[in-house]
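I set down here what I looked up in this model, entry by entry. Confidence comes before geometry.

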Amino acid sequence: MARWFPLRLALCLPAALAIGGAVPAAFRFAWAQPLPRPPADAGPVDGAPTPVSDGGPDAGVPPELVPPVMRETAHPTYPQDGDGHPVRVLLMLTVSPTGDVIAAETLGLVPAGAPVSFERSAREAILRMRFHPAQRAGEPVAVRLRFHLTIAPPVVELGEGPATDAATASAPGAPAGAGDAGATPSDAPPDAGGPVPVGEATVVAHAVEPPRAASDFVIDHDLMTAAPHQSAGDLLASAPGVYVSRPEGDAVAHQVFLRGFDAEHGQDIQFSLGVVPINLPSHLHGQGYADLNFIIPETVRSLRVTEGIYDPRQGDFAVAGSVHFDLGVARRGVLLRAGYGSFGTVRALAMWAPRGEATETFAAFTYRASEGFGRNRGSQSGGAIAQYVFRGPAGFRATAHFAGYGARAGLAGVLRRGDVEQGRVDFYGAYPDPSASAQSALSTRAQASVALERRSDRGALTTFAAWFARTDFRSRVNFTGYTQRSRVRPDWVGRGDLIEQANGDTGFGALASHRTPRYELTPWWSAAFEGGVGVRYDLIEQAQNLLQAPQNETWDRRVDATLRASDIGLYLDADLRITRAVRVRGGVRADVLHYDIDDRLGNFTPAFQRESHIVGFRRTALGLALGPRATVEVSPFGWLKLFASYGEGYRSPQARQLEEGEGAPFARVRSVEAGFHARTTDGRERLSFRGAAYATYLSTDLAFDPQEGRLEPIGPTRRVGLVGHLIARPWPWALASLSVTWVYATLEAPPPATAANPSPPYTPGQLLPYVPPVVARADARVERDLVRIRGHALVGRAGAGFTFLSPRPLPFGQFADPVALLDVSASVRWRAVEAGVECFNLLDARYAATEYSFASDWQTRTVPSRVPARHLSAGPPLTALGTLTLHL
Amino acid sequence: MKTTTRAILLSMLGLGCGSTGPSEVRYPIVAEGAASAPFAAGDWTVTLDVARVSLGPIYFCATAAASSSLCPAAVQEFADVAEFDALRPSAQPLGFVTGAPGSIRSSSYDLGITWFTTQRTATPAAASAGRSAHFEGRATRGSRTLRFVCDVRAIPMLQGAQVVQGARVSADITGSNVRLVVRADAASWWTAVDLSEVESEGGDPVVIPPSSRIHNAVVVAMTAGAPLRFEWVSQ
Amino acid sequence: MKYFVLSPVLMLAAAAGCGTDSASGDGRVQVFVEPEDSVTNGLTPGTGVENLRDGWTAQYTKFLVTIGNFRAARSTSSERLTEPRVYVVDLRNVPAGGLVAAEFPSAAAGRWDRFGFDMPNASASATRAQGTSQEDYDRMVRGRYSIYIEATLTHPAGRSCRPTMPTDCAPRTSLTVRWGLSAGTSFDDCAPEAGAAGFAVISGGTVQIKPTIHGDHWFFTNITQGAEVTERRAQWIVDADLDRDGETTFDELRRVRASDVFPSPTYNLSGALVPVNTAYDYLDAQAHTLGDFQGDGECPTRRDLM
């Protein structure tokens, strides 16, 4: 299939170009305000209105002059001393022939009495924006542009269902181009030889919700995309303290480490996309399973990674923190991308972001296939995402969203390290065994949501949203080889521990919230309040069997259950400002969770017992989780903020482990943090540095049990650590970021006793295995015009990401090798065509994506071993991918 | 400086200090028999001349009542098969025990013939010469002397099980400065045998067949009546 | 206005220290003693894994046990629940809803991962349970039994063969046993078939835990531990009737070598708490394994209470 793809691409390309050229034009005429014909090399036009006039498309603009077109936006910060109302900043910009904003002169504020901090915020954002330069007769020229930037209070993008309401408090708001474009012609005469005034542009930008702690990070698009990435999960690597791997292939969720937590597939991190929660409760493969593969990375505008649980909107699974994906496409137009690379990897992407619409309005489709870097690792996947933003009168705004995804991949499984070292199996291979070869996974997802919001004239914000999601998961994995005996027929043994897990989840929910205007209680004391409620309901069907390869005959049944789970949540949040320097934010969150478990294999009658009842055990449980969250922020100087935060959160239990009437024993987490954020205030925020010290206590941690293929409790744990994150933007075309996270994670009590191990060994203060003490990450990016060819700039872009993990503690006092991974990318773009190359693991490091310790028997020894041994899942070797992109 | 503080500071340097627990253990296993001497078996006086015993693998479990379902992962193990002379009192090295430090409350083991989950039938290990034990001896009753030979096959009851399951032992092994001594008393396996069953069989020596009550008596004695004893000795 | 502003502030201050959930508080624990199905309904012949494979039918007419000293603890704290009373229980005559042998009315909510109980040899300090006759109670105390059974084995074509001479057989269609066993045993680290050991207490609710007494272990072909992967056979009891009077006694069992009635590999006698040399040793060994948990869960830590 891969072999024929380039030919098919060549045949399809002319048609694609024709369509791609026609549709945006039609769309512009149908939807957009009249716009001048964009320059031939302008590439995708984002939603930012290009200069227009009331008198016609090009009135007020010198006829031979093509105005600049925004290329990269930036988010302003809503100043602390704002009163919750939008403020319009009038500026006169000078845009250089390279598209950089080299001067920004404030002309005024609307309302006139607005704090001057809005000027500073606007200038900081403006100076980070980049344009496609204006052109006269095909040559780039400097121009002066009257620019109106409206800074509105943060858009509260509620992150998830009620239990997890507004996971990250808000997403970064729509940058330039929210459809409120409007401009008037400039009345300033052009300076002879100087920048040419070309009119005005107006942008409405919703500012970013202020952070709840020093380690509450917004990863902007430029940082997020500095290093190459193959999936949306890989985008997380740019966040401090995050390590992401894919030990179970392309159809299973990523394994994510965050700040000392091995969140497995999502148990300790609340993931959300817009208003849709991603975590799946009581998922058979792992509590809180969150498959991020359905998110097309090119549609992600920014990430909010909130480390810790200090926001009342964070709900279920926010133990280490939460991650919110904000979707938006800044570059408007059509994008067609094809990639081909190592191991027969092909990827195709078609994305359409109609000009004149908000950046959140787009549609995207992707397909990916690969033969995999080793035996039994082939995969195929396809997905689509679409959104549309409606703006109505009286401050109403609505966002409609849907997404669909499907993936199937082979799994190589895990290998005993001893077998690899003794040459019985290749590091990148898999056991040549029918049961090992039969491993695979399939996952699908379909979701839709509608979110409404209204912002009043006084600054109040009311939101309402509803969502629906259906996911299906089926995996066949064999970690332990040939060790198990059938429960149904105990004389069946040694048929291969190929565990088949199936989990189908139909979930829907709704949420509503209201934020009051800011009330000024005294001249130095103001307050705003917010409250929200939400519900979430999941109907979950799950089953687990043992299969015998190669015919996948079922030889044991382990799980057959239907779960009904609901989550009803309430949060209350207060925002107090005491003088201009002190801000106290916090509130309380309460969640009521109910479970109805129909365990069709409960009260199982063993084979050698006479039947005394009908097998099946139905039980119900309900519980309440209640916890405060609070943050104190002090700004002694304009360049420095100090934070102190405290919060209590929870993780819902695995429903099938509950007993009748049990009060839904949550895993409780307590987190405390102190930190700071220092940054330059010279307008461009050339330097930003965050540092924090934190401590987290978790009452019941979970760890992977390979015998059962799922998570089992291991007891209480504690983590203390430090994190530092430095971002430098010395020039508009350069970005560098460095983060270092250190954690000391310990087990606080013996693991739970079982019949097989009544007295698990425990040494007080022993390290938690598999958690890397030090995670370091560096990202760098440069993007510049290199040379001009036939009057059009050849733009070069290069980026790199480097990840370092210090030796991870393993059971029995061992340590894994350190891991150092370097990913690089480079591309050149001329007019509408961009060619690039991406290299992952450039150093070709041979490393284990994940390591376990358990007993297994793969028939590689004359006498099987039954003591726990190290097992590994190989990380990908050097992988290169070439891409060809058309920007129309 | 407190240990915890030092561990934290060194850990900050990425030096990975602190520990997930004690390191894996590895220590020698030796077998000791009992010197041959005449003993009574019913109304016969028996002297064993040869008593070679196959032992292994041995899995030591954390739970007292161990079985294949209650000991899916062993604490420590001797994952091999070796033969020793049960009539030699001196220590005979068999190999090494490896595993995790921890509490041992039972042992499960085979006597040279295994039936792992992946074996379709009970299979003798290569080191066992096809049997669990080989005995040669003499029995006298009055003027009658009987020379006998017996190849004992102690076969696990079902696939995935071991011939001895959940034999009670108790030890807390957290380091490698120990030695495991396996003690066997071959005579105790023959004291309940009635050699009259084969008195009239032909041959010199008489070959005791596997279908005989004598053979079954020796198997029951080796596995349940007077099983091997395990003793951990500091060294 | 001031109230409207202050109340959330006060609420925040109050909430700052009050993070909680419904897993705290107290609950009630009831300990039920329950007989396994074979105690009340016996065993039937057949080829199924739950049948007696050698064609015999077994039916108990009496099944008395001594049970008590229920105890629970948590590994992560010093909390303890103890009920030292010991009961003599007629398992074939427990109340319809089950026999509540102990109750802990105020146990902290959460998981109690260490549960255990005893089946000691009866003494005068034992309590006669509801449904147990005074005669039976006296029998248990007088004999210092932990278990007393009376049962009948029947087989329409049954035979009894001499253990030392398997060809010497005589017809035997019915056999009785009357056994009082002093096999006092403690059972600890009880765990259900799946999941964590012990039990969970629900705040404001009641949790019922069931030490379960099995009645078929002496018909097993191996010493019981873990999953009962075994067969059931009764012929050995009939063959041990050496005087062929229709009743197998302890004296007869002690005179029968284990190897004569338990052929290997059909039988596996390893893993007993005591050495197994005679048929009586095997019976005694199995009598130390009758205590299970929540039906077919295990109490793997067993200790002889002699």
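Over which residues of chain C does pLDDT stay under 50, and how many contacts beyond four places in sequence does the model have for them? I found the stretch at residues 1-23 of chain C. For these residues the model has 42 contacts beyond four places in sequence.

**Entry: confidence.** I note that this is a predicted model. I read an ipTM of 0.90 and a pTM of 0.83 for the model. For chain C, I looked up the average pLDDT, which is 86. In that chain, 90% of the residues score at least 70.

**Entry: helix H7 of chain C.** I then turned to H7(C), which spans residues 279-287. I recorded the helix as mostly covered, with nine of its nine residues buried. The buried residues begin with C:Ala279, C:Tyr280 and C:Asp281. They continue through C:Tyr282, C:Leu283 and C:Asp284 to C:Ala285, C:Gln286 and C:Ala287. I next asked what covers the buried residues of H7(C). Among the covering elements of chain C are two strands, E9 (147-154) and E12 (174-181). Helices H4 (235-239), H5 (250-255) and H6 (258-261) of chain C are also included in the cover.

**Entry: chain B.** I counted two helices and 16 strands in chain B. Its C-alpha atoms fill a box of roughly 80 × 40 × 30 Å along the principal axes. Of the 235 residues in chain B, 53% are buried. I also examined the contacts in chain B with a separation of 6 or more: residues 24 or more positions apart account for 74% of them.

Technical notes. Residues numbered from 1 in each chain as written. Chains lettered and ligands numbered in written order. Predicted model: local features only at pLDDT ≥ 70, side-chain atom pairs only at ≥ 80, totals over all residues. Buried ≥ 20, exposed ≤ 12 C-beta atoms within 10 Å, placed from the backbone. Helix = DSSP H or I, 4+ residues; strand = E, 2+ residues; numbered from the N terminus. Contact = placed C-beta atoms within 7 Å. pLDDT = per-residue confidence, 0-100.
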